[in-house]
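Biologist: Could you walk me through how the two chains meet in this one?

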Amino acid sequence: MATTVTAAPSSTATRLVAVPAGVTLPIFMDNHSTTPVDPRVLEAMLPYFTQHFGNAASRNHSFGWAAEAAVDNARAQVAALIGGDAKEIVFTSGATEAINLAIKGAVSYYKKQGNHVVTVETEHKATLDTCKRLQRDGIEVTVLRPGSDGLVTPQQVADAVTDKTVVVSIMLANNEIGVIQPLAEIVAAVKTKNGKTLVHSDIVQAAGKIPVDVEALKLDLASLSAHKMYGPKGIGALWVRRKPRIRIDPLIDGGGHERGMRSGTLPVPLIVGFGKAAEVAAADLATEGPRMLALRERLHRGINARLVETYVNGSLEHRLPGNLNISFAFVEGESLLMALKDVAVSSGSACTSASLEPSYVLRALGVGEELAHTSIRFGLGRFNTEAEVDYTIDLVATSVERLRELSPLWEMHQDGIDIKSIQWTPH
Amino acid sequence: MAYSDKVIDHYENPRNVGSLGKDEDDVGTGLVGAPACGDVMKLQIRVKDGVISDAKFKTFGCGSAIASSSLATEMIKGMTLDQAASIRNTEIVQELNLPPVKIHCSVLAEDAIKAAVDDYKKKQAARDAQA
């Protein structure tokens, strides 16, 4: 086959933008997906692998006692972070299990009270898929659509609650867009409508990032994860209210650990790490919150100073301080991620998935698919610095400008052509 | 997901980026894909004596889509219209080592070439009809 090949310019090994002093690449700015273990946490965990390795359920020797004491301490640390009582903490393998346990466990235990669950389209898959499973098993599920700001209203939730509603499950802060639901008002509205309905909240992204008080929120159940707050992976917790006592059927039967709600030998080092992570987060909350917000605003301002046609997804006002989810019109998200390979972020573009559908969260907000494909989620965390943010701004702006020069949509926009007026050929 | 070196090379050093005069007689334009699907390719050819003398592209899409269209412009330069229109997406898949989830990018590039050739032919037919 005759092919004329144009000589390719030599590979641009040089970086697009200069790396400032004090910045080490790659930069991790995807702190909603996970976080590194804080060195203080790791230090607390280490003795529990080899030195204090006892089984916390061993009641008859000092190895067991040491492990049990460490678990009790961690239980109190986790409870303190969210304003709960140590006896209300049930350790699980992570938040996915905690969410499954909360919703399935409550629906099973209170089946005589009803057969209805209410949740929201923008919940994490751990909640949505749990509800789908229940639906297949004959439970009625109502999935509410949030407003374009990502928020549901207390009235909207109360309207969905019936005398058959067993559980309402609504997250406090969203993992993609960081929006914070008016949870206290939602709980109050639900309880006014049906005093027996339980409210569970996935507080994974909120815990340790903003003040959370399960008592003030008047929740019944709440799910947490350690690795989103600088603790280890593989450990989470379900907070289960004791006064008045909330009951759930276990998903895992065995030795009756965790007061029968979750059997299985406790992973003591992970629990110790979770506890320490909670303690550190609680201690630093008052300073870290404002610092995260300042970094987020610096990032947002910096991007907007260099680029036009950027759109923040979800409410900017009711949002986690470390989250910025932003669409860069006319630039496909995955191609931008490729340019940002030295900064770990994530995209709402689903170009990698077989479905070719962008983020279901952005779609639920009514974000147009063409904009959803251009979204990037920045998740700032404890170890990010101003210098890293400045480098990121520079890299993002330079990359978006370059990719817009490559984009036929940007060219049309510059020529004043309305992209919506074109007869496209969906594929 | 890891990209092949060839995809990265085309993404970082895309060949033949740009636009040709859409209304010029010897230019054919193909515009395929949809913003809602996350992929839009514009591929243009300039034809002299039945041979593609120049090709330009602009693409909104992932790195593999950019690489597929960049490669397509390289391949078709110097080809006759029929040669260009007979390029199969599998040649692009092979050259770029595209994984299965990215095959649609190569299909879109093949469609873009065909659309540009069709557009040029239509233009010529319209001109011949007028003459």
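Modeller: What follows is a short talk about the interface between the chains, in what is a predicted model.

Biologist: How many residues of each chain are in contact?

Modeller: On the side of chain B, 42 residues are in contact with 40 residues of chain A, and the area buried between the two chains is about 3,500 Å², with carbon and sulfur atoms giving 61% of that area.

Biologist: Which residues of chain B lose the most area to chain A?

Modeller: Those are B:Y11, B:P35 and B:F60, which together account for 19% of what the chain B side buries.

Biologist: And how many salt bridges are there across the interface?

Modeller: The rule finds four salt bridges between chain B and chain A, and one of them joins A:E334 to B:K102, where the closest N and O atoms are 2.8 Å apart. Counting polar contacts gives 15 residue pairs between the chains, with both residues at pLDDT 80 or more.

Biologist: Which helix or strand gives the most to that side of chain B?

Modeller: Helix 1 of chain B gives the most, with five residues, while the elements that each supply at least two residues also include strand 1 (27-34), strand 2 (39-48) and helix 5 (103-130). By class, the side of chain B that touches chain A has 22 nonpolar residues, alongside ten polar and ten charged ones.

Biologist: Changing topic, where does pLDDT stay under 50 in chain A?

Modeller: That happens over residues 1-13 of chain A, for which the model has 24 contacts beyond four places in sequence, although chain A averages a pLDDT of 94 and 95% of its residues score at least 70.

Terms used:
Residues numbered from 1 in each chain as written. Chains lettered and ligands numbered in written order. Predicted model: local features only at pLDDT ≥ 70, side-chain atom pairs only at ≥ 80, totals over all residues. Heavy atoms only, no water. Contact = heavy atoms within 4.5 Å. Buried area = accessible area lost by both parts, 1.4 Å probe. Salt bridge = Lys/Arg side-chain N within 4 Å of Asp/Glu carboxyl O. Polar contact = N/O pair within 3.5 Å; in protein donor to acceptor, adjacent residues only side chain to side chain. Helix = DSSP H or I, 4+ residues; strand = E, 2+ residues; numbered from the N terminus. Nonpolar A, V, L, I, M, F, W, Y, C, P; charged D, E, K, R; others polar. pLDDT = per-residue confidence, 0-100.
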